[in-house]
Amino acid sequence: MESVPGIDPAVPPTGPGCVECTEAEGWWFHLRRCAECGHIGCCDTSPGQHATAHEQATGHPVIRSYEPGEDWFYSYPEESVFQGPQLAPPQAHPASQPVPGPAGRVPPDWMNLLH
């Protein structure tokens, strides 16, 4: 398979949830996976917006949805969605993990806190 800049199909994800939100005992709406290093961050609708913060800090240009049933990639430099290669498993957070998540940390007024 042809190599795609910013994508390393062999790198597994860092875990089932946003790295920074997990460390801070926070919560997220949707999750995104860095296609280069596997970092899991929360989406731009989430309070922390850690996936974009990761891209800005590292320059890693491509994310993939980390939601069950979604397989789209997004290029930050091109501001476009595209189909990419199969990445190392797992492809998404556990289906048992609620959205928003994680269970027990989502505030009752979470909808008012989205971006």
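**Close-up views of a predicted protein chain**

Buried residues make up 43% of the 115 residues in the protein chain. Please keep in mind as you look around that this model is predicted.

**View 1. The whole chain is built from 2 helices and 5 strands.** Follow the chain from its N terminus and you will meet the elements in the order α-β-β-α-β-β-β. The radius of gyration is 14 Å, close to the 13 Å that the globule rule gives for 115 residues, so the chain is as compact as a globular protein of that length. Along its principal axes, the C-alpha trace spans about 45 × 25 × 20 Å. Now think about which parts of the chain touch each other: among contacts with a separation of 6 or more, 58% join residues that are 24 or more positions apart.

**View 2. Helix 2 covers residues 50-58 and has several buried residues.** Which residues of helix 2 are buried? They are H50, A51, T52, H54 and E55. And what do these buried residues pack against? Their partners are helix 1 (19-23), strand 1 (31-34) and strand 2 (40-42). Just after helix 2 comes G59, a residue with a positive phi, near 80°.

**View 3. The cysteines C18, C21 and C42 invite a look at sulfur distances.** How many disulfides does the model have? The count comes to 0, using a cut-off of 2.5 Å between cysteine sulfur atoms. C18 is in no disulfide, and its nearest cysteine sulfur, that of C21, is 3.6 Å away. Why is there no bond from C42 to C21? The sulfur of C42 has its closest cysteine sulfur in C21, but the distance is 3.8 Å, so the two are too far apart for a bond. Are C18 and C42 buried or exposed? C18 is buried, with a relative accessible area of 0%, and C42 is also buried, with a value of 0%.

**View 4. The accessible surface of the protein chain comes to about 6100 Å².** Which atoms supply this surface? Carbon and sulfur atoms account for 54% of it. For the charges, look for 4 positive and 14 negative ones in the chain. If you take the mean position of the positive charges and the mean position of the negative charges, the two points lie 7 Å apart.

Conventions:
Residues numbered from 1 in each chain as written. Predicted model: local features only at pLDDT ≥ 70, side-chain atom pairs only at ≥ 80, totals over all residues. Heavy atoms only, no water. Buried < 20%, exposed > 50% of the residue type's maximum accessible area, 1.4 Å probe, protein only. Helix = DSSP H or I, 4+ residues; strand = E, 2+ residues; numbered from the N terminus. Contact = heavy atoms within 4.5 Å. Rg over C-alpha atoms; globule rule 2.2 N^0.38 Å. Areas by Shrake-Rupley, 256 points an atom, 1.4 Å probe, with all protein chains shown as cover. Lys, Arg positive; Asp, Glu negative; His and termini not counted. Charge placed at Lys NZ, Arg CZ, Asp CG, Glu CD.
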